[in-house]
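Biologist: I have just opened this structure and would like to learn how to read it. Could you walk me through a few of its features?

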Amino acid sequence: MSSQTPASPDQTSARPLVRFSKVTKRYGEHTVLDDLDLDVAAGEKVTIIGPSGSGKSTVLRILMTLETLSDGLIEIDGEPLWHERRTDQLRPASEAHLRKMRGQLGMVFQQFNLFPHMSVQRNLTEAPRQVLGLSRKEAQSRATELLERVGLADHANKYPGQLSGGQQQRVGIARALMMRPRIMLFDEPTSALDPELVGEVLHVIRTLADEHDLTVLMVTHEMSFARRFSDRVCFFDKGRIHEQGTPEQIFTDPREARTREFLRAVLEPDG
Ligand SMILES: Nc1ncnc2c1ncn2[C@@H]1O[C@H](COP(=O)(O)OP(=O)(O)OP(=O)(O)O)[C@@H](O)[C@H]1O
């Protein structure tokens, strides 16, 4: 039987929502992701930690289709992301396929990436109107609801430059959720923020992830948040998962020397 055989109902329920199979990413001679296998179950919250340059952001960027992969396969709910199945063969995906698959994903960036010349409201409504074809009324009602959820109902008519970094990031989160993604990717969402603004953003992420039953992949340097928020922590090193486990296991009983070394350096930077 080929791998095209439809899955049985049992297999379907056990199927990961996101699957990386032997994914490699190279920039010239530099291998950034090295034969990476990673499964994320529906509803699971996974954080990726690890040293600078270990390939953490690249995982998110490839998933969001912002970077291509060099080798391997990524599937979202069993459907190839970067490929299309045609007559039992995998072919490189068309732009239409990528657009369709991308609709299942939302991403929040370190630098917010809001449109500075658009009001908060318009930052939220623009993509759903253009991409999903929502009417002005539908988009505005969705925006009002989400701005309420992130505590910014009174700021709809302001411009990003009039908001604090924490508020801008909360707009960034609301904007990503406007598209009703199943999977949310957070790339160091608090690292550009002043320390006193980090808490409000993490609180919003946590609340909305629960409320929307999101599947979350997050790259973060906030170890205490990773510990409280995640179902699983993956420690990356040299483009691979060097160790993974529950937050409890990774933070209190890491098995690998490299993980212990990394955690010691980030948790006790002066020690
Ligand atoms: N467009 C690019 N061209 C060449 N090399 C790149 C490119 N993007 C990333 N890299 C390299 O790939 C490696 C992994 O980058 P990535 O951003 O995934 O690391 P990271 O683990 O997220 O690091 P950090 O914690 O510093 O953000 C780095 O060495 C980086 O320099």
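**Reading the fold and its rings**

Modeller: Happy to! Let us begin with the span of residues 18–263: its end C-alpha atoms lie 27 Å apart, and the span is 37% helix and 28% strand. Please keep in mind that this is a predicted model.

Biologist: Which feature does UniProt place at residues 18–263?

Modeller: The UniProt record, an unreviewed entry, gives "domain: ABC transporter" for residues 18–263.

Biologist: Now the strands. In what order do the 4 strands of the open sheet come?

Modeller: The order is 2-1-4-5, and the pairing is antiparallel. Strand 2 (30–40) and strand 5 (79–80) are the edge strands, each pairing on one side only.

Biologist: How many bridges join strand 1 to strand 4?

Modeller: There are 5 bridges between strand 1 (residues 18–27) and strand 4 (residues 71–76), and these two strands run antiparallel. To find the place by eye, look for Phe20, which stands opposite Ile74 in strand 4.

Biologist: Which helix lies across strand 1, strand 2 and strand 4?

Modeller: That is helix 2 (residues 56–63), which runs at about 70 degrees to strand 2.

Biologist: Let us turn to aromatic rings. How do I tell when two of them pair?

Modeller: Check the distance between ring centres, which must lie within 6.5 Å, and then the angle: planes under 30 degrees apart count as stacked. By this rule the count comes to 2 aromatic pairs. Phe225 and Phe229 form a stacked one, with 4.8 Å centre to centre and 15 degrees between the planes.

Biologist: Where do Phe225 and Phe229 sit along the chain?

Modeller: Both belong to helix 8 (residues 223–229); because they are 4 residues apart there, about one helical turn separates them. Phe225 and Phe229 are both buried.

Biologist: And what about Phe235 and Phe262: how is that pair arranged?

Modeller: Phe235 and Phe262 form a tilted pair, 5.2 Å centre to centre with 40 degrees between the planes. Phe235 lies in strand 11 (residues 232–237) and Phe262 in helix 10 (residues 257–267), so the pair ties together parts that are 27 residues apart in sequence.

Biologist: Does Phe235 count as buried or exposed?

Modeller: Phe235 counts as buried because its relative accessibility is 0%, and the cut-off for buried is under 20%. Phe262 also counts as buried, at 8% relative accessibility.

Biologist: One last ring, please. What lies over the face of Phe115?

Modeller: Look for Arg175, which lies over that face of Phe115 at 5.6 Å from the ring centre.

Notes. Residues are numbered from 1 along each chain as its sequence is written. This is a predicted model: local features need pLDDT of at least 70, side-chain atom pairs count only at pLDDT 80 or more; totals for chains, interfaces and linings use all residues. Side-chain values use heavy atoms; hydrogens and water are left out. Rings of Phe, Tyr and Trp (its six-membered ring) pair if their centres lie within 6.5 Å; planes under 30 degrees apart count as stacked, over 60 as edge-to-face and the rest as tilted. Buried means under 20% relative accessible area, exposed over 50%, partly exposed in between (1.4 Å probe, protein chains only). A charge sits over a ring if NZ of Lys or CZ of Arg is within 6 Å of the ring centre and within 35 degrees of the ring normal. Two strands pair if DSSP finds at least two bridges between them. Contact means heavy atoms within 4.5 Å. Axes are lines fitted to C-alpha atoms, for helices over the stretch in contact, and angles run from 0 to 180 degrees between N-to-C directions. UniProt positions are given in the numbering used here, feature names are shortened, and annotations may be inferred rather than shown by experiment.
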